[in-house]
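Okay, thanks for coming, everyone. I'd like to walk you through one model today, starting with the strands and ending with the pocket. Have a look at it first.

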Amino acid sequence: MKRAGRVLLVGAALAALSACGGGGDERPQADLASAQITSIGVNSYLWRATLETLSFMPLTQADSAGGVVVTDWYANPSNPNERMKVSVTILDQDLRADAVRVAASRQILQGGVWVEAPVEAATVQKLEDIILTKARDLRRSAIG
């Protein structure tokens with residue numbers, strides 16, 4: 001009698017378990033959209049705006065987790081005796097005016113040697129403004 005009870009108990013357990021795993025069409029589908037969401041360490045609008053703004057310059061470093069973009073030297077073809085290098089740091093996950101910092105270096109070719117030259121503060125400020133404006137435009141287009 002004990003054995004028959006065990007067989008019935010095991011049979012009932014197996015029947016209950018088999019209901020959990022079968023039926024390919026009845027299983028809920030995985031939410032693929034949430035699995036494809038990526039997260040970076042800084043504001044994504046500022047990040048994308050920075051990459052778009054500096055897209056004409058060769059990049060040496062682009063770290064989305066740390067929010068750093070560094071370009072290599074770039075010489076404008078119309079002025080090959082001057083070259084610039086830019087570094088952008090995104091400081092926050094919020095889209096704010098103080099969340100982006102631009103630093104630039106400039107060199108001038110003199111006697112076949114590149115010599116450091118000052119960068120006008122207005123140039124750095126203009127780059128920051130361009131990045132912020134693009135980021136705001138990207139946000140506006142994403143919202144509506």
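So, how many bridges join β4 to strand β5 (residues 100-110)? Nine, and the two strands run antiparallel. One pair to find on screen is K85, whose bridge partner in β5 is S105.

Quick housekeeping. This is a predicted model, where local features need pLDDT of at least 70 and side-chain atom pairs count only at pLDDT 80 or more, while totals for chains, interfaces and linings use all residues. Residues are numbered from 1 along each chain as its sequence is written, and side-chain values use heavy atoms, with hydrogens and water left out. When I say strand or helix, I mean DSSP runs numbered from the N terminus: E of at least two residues for strands, H or I of at least four for helices. Strands pair if DSSP finds at least two bridges between them.

Back to β4 (82-90). Strand β2 (residues 68-71) is joined to β4 by three bridges, antiparallel, with V70 partnered by S87. β3 and β4 also run antiparallel, with two bridges, and a hairpin of six residues joins them. There, A75 pairs with R83 in β4.

On the other side of the story, strand β1 (residues 59-63) runs antiparallel to β2, with four bridges, and D63 stands opposite V68. That hairpin has four residues between the strands, and G67 takes a positive phi near 75°.

Now the core. By nonpolar core I mean buried Ala, Val, Leu, Ile, Met, Phe, Trp, Tyr and Cys residues joined through side-chain atoms within 4.5 Å, buried being under 20% relative accessible area with a 1.4 Å probe, protein chains only. The largest one has 20 residues, and those with the most contacts inside it include V86, V102 and I131. α4 gives the largest share, six residues. Take V86: beyond its neighbours within four places in sequence, its contacts (heavy atoms within 4.5 Å) include L54, V69, V102 and L127.

Last, the pocket: an open set of points on a 1 Å grid where a 1.4 Å probe fits, with protein on both sides within 12 Å along at least five of seven lines, and lining residues have an atom within 4 Å of a point. The largest holds about 260 Å³. Of its 16 lining residues, the closest to the centre are F56, Y74, E82, M84 and T123. And which element gives the most to that lining? β4 again, with four residues.

Definitions and conventions: Points joined across faces, edges and corners; volume = space filled by probe spheres on them. Buried < 20%, exposed > 50% of the residue type's maximum accessible area, 1.4 Å probe, protein only.
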